[in-house]
Amino acid sequence: MAVRFFHTSDWHLGQFFYNHSRQYEHEQFLAWLLEQISARQPNALLIAGDIFDVINPSSSAQKQLYQFLADAHARAPHMQTLMIAGNHDSGYRIEQVEPLLAKYNAKAVGVIHKNSQQQIDLEHLLVPILDEQQNTVAWCLSLPFLRPAEITGFNEHTTNSQNAIAYLHQQLIAVAKARKTADQALILMSHAHMQGGETSDSERPIVIGNEEALSTTLFDEIIDYVALGHLHKPQKVGEEHIRYSGSPIPLSFSEINYKHQIVEVTLDPTQNDSSRFQLNVLAIPRSIQLHKIRGELNEVLEKLQALPQSAIPEIDQREYVDIEYHTTVPPQPNLRQQFEEALPKDRYRLVRISRQYLATEQDPNAPAKVSLEPPTPEKLFQQIWEKQGYHNDAEVLNDFMSLMREAEQCLADEHEA
């Protein structure tokens, strides 16, 4: 029996982009996605993590998700929506609303649970996908972002994070193999950083400390499709059937050229030819453009003046501009005003200005680049560490990042308490 589903991930609902809300862009994406659901009527919609941008999302971000689920259910009552938690999400939060999700034929797997024998509850992670006649046409092995505290210490196979991840995959795939019939597909959905995946600068690091990017050898050959989340660039990882769908909107200026999409997949385990696995990319229209302008000062001003002129009345629909200008001297005090005046009126939002110093004969040791963007905790720590006279030590930085993750998890647990 064939199963057809949409693969998407990394919505980051509620994100603020340099203090500007992305709500309008997300509204446009979700409206477009509803049109695709209406037209194509898939069996399932898979959302592979990072549904929200923060673990404590705003009420407007939550409303956006739940209104979408209600609208999607109205347009395709038979379609199941399956979600997993990413590293930006609170797994407990997205599971807490299970009765509401069930009303809209949706299910969320946020955390790893223990069963009555204090072992990993594998049944919680194995979700059937049904056709319109309520026949099981596939099984979805649903693995949220795996936090070490949730998966280590169960037995001798889970003494550390890497061993525990491998053991969890082995056990879950074994249960799925025993459960499936010859005409049912196996889909694995995971939020993880895989070896060989291409990253952008907007992704929060999850490969830190002694952890390494995961290998695709975790995925047994019996798995028909691997639906990945975390990396924002749409890409395959080694094999055609192991894929990141990518984010639906650019989450940083480094993602300007990404071809944002959802992936429509059709699987038919009864076939042994090319019709067993079919993939169709659905390109997502970009509702707000991003512009990155680079060059020396005069060149930047000329490029700004040459941008399209027509006004956009609504402020939250105006296009974003990032400027990187090259100079040999300190910035002029009214430089931002010059940039603003060069931009066509009422069309753009200038969200970031950075400068790159050009080396000169008089000052060959000039710093390569100074950014006005607020530094991350990692960068602040590196700056302070180096000011104290210490060298850049990867082990120390890994320890700091491990502490950062533990602090974030403590905050998440406090919110859930």
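Helices (H or I, at least four residues) and strands (E, at least two) are DSSP runs here, numbered from the N terminus. With those labels in hand, welcome to a predicted model. Its features include two open sheets of six strands, one ordered β6-β5-β4-β1-β13-β14 and one ordered β7-β8-β9-β10-β12-β11. There are also 15 salt bridges in the structure, and the largest nonpolar core has 52 residues. Here is a tour by topic.

**The sheet with β1 and β13**

- Pairing is mixed in the open sheet β6-β5-β4-β1-β13-β14, which has six strands.
- Strands β6 (106-109) and β14 (277-283) form its edges, each with pairing on one side only.
- From one strand to the next, the twist averages 20°.
- Strands β1 (residues 3-8) and β13 (residues 261-267) run antiparallel and are joined by five bridges.
- Within that pair, the residue opposite His-7 is Val-263 in β13.
- Helix α1 (residues 23-40) packs on this sheet and touches β1, β4 (44-48), β13 and β14. The direction of α1 makes about 175° with that of β1.

**The sheet with β7 and β8**

- The order β7-β8-β9-β10-β12-β11 describes another open sheet of six strands, again with mixed pairing.
- Its edge strands, pairing on one side only, are β7 (126-130) and β11 (235-237).
- Ignoring direction, neighbouring strands in this sheet are turned against each other by 30° on average.
- Five bridges connect β7 with strand β8 (residues 136-143), and the pairing is antiparallel.
- Ile-129 has Ala-138 in β8 as its bridge partner.
- Helix α6 (residues 161-179) packs on the sheet, in touch with β7, β8 and β9 (185-191). Between the direction of α6 and that of β8 the angle is about 170°.

**Nonpolar cores**

- In soluble globular proteins, nonpolar side chains tend to be buried together.
- Among the 52 residues of the largest nonpolar core, the ones that touch the most other members are Phe-5, Leu-46, Ile-129, Leu-141 and Leu-168.
- A separate second core holds 32 residues, including Phe-29, Ala-70, Ala-108 and Ile-262.
- Leaving aside residues up to four places away in sequence, Leu-46 touches Phe-5, Phe-6, His-7, Thr-8, Leu-82, Cys-140, Ile-187, Met-189 and Ala-227.

**Where α7 meets α8**

- Helix α7 (residues 297-305) and helix α8 (residues 335-342) have axes that come within 8 Å and cross at roughly 35°.
- On the α7 side, the contact involves Leu-297, Val-300, Leu-301, Leu-304 and Gln-305; α8 supplies Leu-335, Gln-338, Phe-339 and Ala-342.
- By class, these contact residues are seven nonpolar, two polar and no charged.

**Salt bridges**

- Glu-264 and Arg-40 form a salt bridge through their side chains, at 3.0 Å from N to O. Since Glu-264 sits in strand β13 and Arg-40 in helix α1, this pair ties together parts 224 residues apart in sequence.
- Glu-264 counts as buried because its relative accessibility is 5%, under the 20% cut-off. Arg-40, with a relative accessible area of 29%, is partly exposed.
- Arg-318 and Asp-346 form another salt bridge, with an N to O distance of 3.9 Å. Arg-318 is in the loop between α7 and β16 (319-327) and Asp-346 in the loop between α8 and β17, so this pair ties together parts 28 residues apart in sequence.
- Arg-318 is buried at 13% relative accessibility, while Asp-346 is partly exposed at 34%.
- Within helix α8, Arg-336 and Glu-340 lie four residues apart, about one turn of the helix, and their side chains meet in a salt bridge of 3.5 Å, N to O.
- Both residues of that α8 pair are partly exposed: Arg-336 has a relative accessible area of 41%, and Glu-340 has 37% relative accessibility.
- Arg-4, Arg-40 and Glu-264 belong to one network, joined by salt bridges that share partners.

**Two residues with positive phi**

- Most residues other than glycine have a negative phi.
- Asp-10 has a positive phi, near 55°. Asp-10 is found in the loop between β1 and β2 (16-17), and its relative accessibility of 0% makes it buried.
- Asp-346 also has a positive phi, near 60°. The loop holding Asp-346 runs between α8 and β17 (348-357).

Note on methods. Residues are numbered from 1 along each chain as its sequence is written. This is a predicted model: local features need pLDDT of at least 70, side-chain atom pairs count only at pLDDT 80 or more; totals for chains, interfaces and linings use all residues. Side-chain values use heavy atoms; hydrogens and water are left out. Axes are lines fitted to C-alpha atoms, for helices over the stretch in contact, and angles run from 0 to 180 degrees between N-to-C directions. Contact means heavy atoms within 4.5 Å. Ala, Val, Leu, Ile, Met, Phe, Trp, Tyr, Cys and Pro count as nonpolar, Asp, Glu, Lys and Arg as charged, and the others, Gly among them, as polar. A nonpolar core is a set of buried Ala, Val, Leu, Ile, Met, Phe, Trp, Tyr and Cys residues joined through side-chain atoms within 4.5 Å. Buried means under 20% relative accessible area, exposed over 50%, partly exposed in between (1.4 Å probe, protein chains only). Two strands pair if DSSP finds at least two bridges between them. A salt bridge is a side-chain nitrogen of Lys or Arg within 4 Å of a carboxyl oxygen of Asp or Glu.
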